[in-house]
Amino acid sequence: MDLAKFENNFKKIQSKKSKYTSWRKLKDIKSFWFKIVKKRLHQIIRILGTSTKVSIESDLSLKNLDHLLSAKELKKLGILLDIGNIKADGFSIENYISKFSKRIYGIHVKKRGIFFKKSEKIGKSYHELRYVFDNISKLTNLNDITLQSFRSNSSYINELKLAYKIVKKEITRVDLKIW
């Protein structure tokens, strides 16, 4: 089970306080998962060395992401800011950028509705995308921008081209020198 699914299941159980699971047991399980994740990420960073930047996708809440990134053995771990998943999780892009601007190594451009709707076609700029580009100068360790390859139908290549064009317009709008 990946950490995001575990975290969602944990939240559901936490809100229901199942008669089969004590609150203490849930805290122990969550602590155990974080220890595993920290250990594995630390091993990956150590193996790859200092020149390679390693990121974790921003599918965690601010609190849990902060907890993970505060581990001293993960001080070089960055964030892949997934614009679509942040919205789908019901979180605010503004909070992630203000809290973690120096730890964001990549941006994953994806459009998605709240509550994990399918990825949507990026037909025009949208709030989260504009906000990221309006604040891109704060992302001092940004290395890449990744476009979602829209997977829902046969016109995904045309939709990818359109998304590229929109991102390129945003880059031009904020006068970012990467081309």
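User: Why is Arg-173 called partly exposed?

Analyst: In this predicted model, Arg-173 has a relative accessible area of 36%. Partly exposed covers the range between under 20%, which is buried, and over 50%, which is exposed, so Arg-173 at 36% is partly exposed.

User: What makes the contact of Glu-170 with Arg-173 a salt bridge?

Analyst: The closest N and O atoms of Glu-170 and Arg-173 are 2.7 Å apart. The limit is within 4 Å, therefore the pair qualifies as a salt bridge. Glu-170 itself is buried, at 3% relative accessibility. Both residues lie in helix α7 (residues 156-173), where being three residues apart separates them by about one helical turn. Salt bridges with shared partners join Arg-130, Asp-134, Glu-170 and Arg-173 into one network.

User: How do you know that Asp-82 and Lys-110 form a salt bridge, and which parts does the pair tie together?

Analyst: Their closest N and O atoms are 3.3 Å apart, and the cut-off is within 4 Å, so the pair counts as a salt bridge. Asp-82 belongs to strand β2, whereas Lys-110 sits in the loop between β3 (104-109) and β4 (111-112); the parts tied together are therefore 28 residues apart in sequence. Asp-82 has 0% relative accessibility and is buried; Lys-110, with a relative accessible area of 7%, is buried as well.

User: What makes the ring pair of Tyr-96 and Phe-100 tilted?

Analyst: The ring centres are 6.4 Å apart and the planes stand at 45°. Centres must lie within 6.5 Å for a pair, and planes under 30 degrees apart would be stacked, over 60 edge-to-face. An angle of 45° falls in neither class, so the pair is tilted. Tyr-96 and Phe-100 are four residues apart in helix α5 (residues 93-100), about one helical turn, and both are buried.

User: Why is Ile-47 called exposed, and which surface patch includes this residue?

Analyst: Ile-47 has 69% relative accessibility; the threshold is over 50%, so Ile-47 counts as exposed. Ile-47 lies in helix α2 (residues 23-48). With Ile-44 and Leu-48, Ile-47 makes a nonpolar surface patch of about 290 Å².

User: How do you know that β1 and β2 pair, and in which sense?

Analyst: Strand β1 and strand β2 (residues 77-82) are joined over four bridges in the parallel sense. Pairing needs at least two bridges, so four suffice. Within this pairing, Val-54 stands opposite Leu-77 in β2. From β1 the chain crosses through helix α3 (residues 62-69) to β2, in a right-handed β-α-β crossover.

How values were computed
Residues are numbered from 1 along each chain as its sequence is written. This is a predicted model: local features need pLDDT of at least 70, side-chain atom pairs count only at pLDDT 80 or more; totals for chains, interfaces and linings use all residues. Side-chain values use heavy atoms; hydrogens and water are left out. Rings of Phe, Tyr and Trp (its six-membered ring) pair if their centres lie within 6.5 Å; planes under 30 degrees apart count as stacked, over 60 as edge-to-face and the rest as tilted. Helices (H or I, at least four residues) and strands (E, at least two) are DSSP runs, numbered from the N terminus. Buried means under 20% relative accessible area, exposed over 50%, partly exposed in between (1.4 Å probe, protein chains only). Patches are made of residues with over 30% relative accessible area and no salt bridge: like charges are joined within 9 Å, nonpolar side chains (Val, Leu, Ile, Met, Phe, Trp, Tyr) within 5 Å. Accessible areas come from the Shrake-Rupley method with a 1.4 Å probe; for residues, only the protein chains shown count as cover. A salt bridge is a side-chain nitrogen of Lys or Arg within 4 Å of a carboxyl oxygen of Asp or Glu. A crossover is right-handed if, with the strands pointing away from the viewer, the path from the first strand over the helix to the second runs clockwise.
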